[in-house]
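This report covers a sheet, the helices that lie across it, the nonpolar cores and the aromatic pairs. Please read it with the structure open.

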Amino acid sequence: LWIVYGVGLLGVMVYHRIYMPLRTWQRPWTVVRNVKELGNSRTLVLSPVAHAGIQFEPGQFAWLSMGRTPFHREEHPISFSSSAETPEGGEVSFTIKALGDWSREVVPRIKPGTRVWLDGPYGVFTPDREQGPGYVLIGGGVGITPLYSICVTLADREDVRPVYLFYGRRAWEELTFRDELARLAQRMNLKLVYVLEQPPPDWKGETGFINADVLRRHLPKQYRRFQYFICGPLPMMDALERLLPPMGISPDNIHTERFDIV
């Protein structure tokens, strides 16, 4: 039994430390833009080098490495923030909030031309695998990243199903993708609900935190049949996972994206 365990562990190590880096080495990427965003975040726009790029589903993520080779051990799981309907040329985007040493100190200094390695896509946090008559997206902080990818993908697909996006931040100036979402609302059946903890004096929208009362004020009568995607701080996701079932929403229709274990 111990021999079997040992062989299995060795196989996993070989796969992740040798096979996957060798595979990734054949598909390098380069940074073409490093864009400053609202909410103390930055978007890295990457272009494939001598290959067709990557196919992913909206809401998924990839591991990013910026060493000289993909054998570099420092990797970071980052959600795609671009449309899964990738444009000609295969550019993809990742939006990163300044939360740790790498995101706060390294990412802002990344220059165009920097070589990047992608391992992915990964994850099942995507409407492509959870079909429904409509979608409710609930985000907080940089949790807006996969939700924005979902929205822009549905817009590019000309999907007519209703999408309700609830986005909680501390202040109006911290709403990442605020202008982009406003433009998307002109292209798709998207309703935006911002919930601010510290609203400006003339604010007429929702305040405090996203709760059952806020959801009921904006969702349609058939909200129980919708698919729910939640991404944000752990306390917010924990609270929503508790409050949605009493509202009549099946746990099978509630999906969360958690990176804390990574």
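Which residue in strand 10 is the bridge partner of Leu196? The model shown here is a predicted one. In it, the partner of Leu196 in strand 10 is Thr207. Strands 9 and 10 run parallel and are joined by two bridges.

**The sheet**

Strands 9 and 10 belong to an open sheet of six strands with parallel pairing, in the order 10-9-8-7-11-12. Strand 10 (206-207) and strand 12 are at the edges and have a single partner strand each, so one side of each lacks a neighbour in the sheet.

Two helices that lie across strands of this sheet can be described in turn. Helix 3 lies across strand 7, strand 8, strand 9 and strand 11, and runs at about 145° to strand 7. Helix 6 lies across strand 7, strand 11 and strand 12, at about 155° to strand 11.

**Helix 6**

Which residues of helix 6 (residues 234-243) are buried? They are Met236, Met237, Leu240 and Leu243. Viewed down the helix axis, the buried residues of helix 6 fall within an arc of 135°, so they line one face of the helix. An α-helix has 3.6 residues a turn, so residues three or four places apart point the same way. Pro235 and Arg242, on the other side of helix 6, are exposed. The cover over the buried residues of helix 6 includes strand 7 (135-140), helix 5 (212-218), strand 11 (227-231) and strand 12 (254-257).

**The nonpolar cores**

The largest nonpolar core consists of 24 residues, and Leu137, Leu147, Cys151, Leu165, Leu181, Leu184 and Met188 have the most contacts inside it. Two or more residues come from each of strand 7, helix 3 (144-156), strand 8 (163-169), helix 4 (178-184), strand 9 (190-196) and strand 11. Helix 3 contributes the most to this core, with eight residues. Leaving aside residues up to four places away in sequence, Met188 touches Cys151, Leu154, Ala155 and Val163. Another core, of 23 residues, lies apart from the largest one; among its residues are Val195, Ala212, Leu215 and Met236.

**Aromatic pairs**

How many aromatic pairs does a search of the whole structure find? The search finds eleven. Two of these pairs are set out below.

| Pair | Distance of ring centres | Angle of planes | Class |
|---|---|---|---|
| Phe80 and Phe94 | 4.6 Å | 35° | tilted |
| Trp172 and Trp203 | 5.7 Å | 50° | tilted |

The Phe80 and Phe94 pair links distant parts of the chain, 14 residues apart: Phe80 is in the loop between strand 4 (76-79) and strand 5 (92-97), and Phe94 is in strand 5. Are these two rings on buried or exposed residues? Phe80 has a relative accessible area of 0% and is buried. Phe94 is also buried, at 0% relative accessibility.

Trp172 is in the loop between strand 8 and helix 4, and Trp203 is in the loop between strand 9 and strand 10, so their pair ties together parts 31 residues apart in sequence. Trp172 is partly exposed, with a relative accessible area of 29%, and Trp203 is partly exposed at 22% relative accessibility. Together with Tyr167 and Tyr194, Trp172 and Trp203 form one aromatic cluster.

How values were computed. Residues are numbered from 1 along each chain as its sequence is written. This is a predicted model: local features need pLDDT of at least 70, side-chain atom pairs count only at pLDDT 80 or more; totals for chains, interfaces and linings use all residues. Side-chain values use heavy atoms; hydrogens and water are left out. Buried means under 20% relative accessible area, exposed over 50%, partly exposed in between (1.4 Å probe, protein chains only). Helices (H or I, at least four residues) and strands (E, at least two) are DSSP runs, numbered from the N terminus. The arc is that of the directions from the helix axis to the C-beta atoms. Contact means heavy atoms within 4.5 Å. A nonpolar core is a set of buried Ala, Val, Leu, Ile, Met, Phe, Trp, Tyr and Cys residues joined through side-chain atoms within 4.5 Å. Two strands pair if DSSP finds at least two bridges between them. Axes are lines fitted to C-alpha atoms, for helices over the stretch in contact, and angles run from 0 to 180 degrees between N-to-C directions. Rings of Phe, Tyr and Trp (its six-membered ring) pair if their centres lie within 6.5 Å; planes under 30 degrees apart count as stacked, over 60 as edge-to-face and the rest as tilted.
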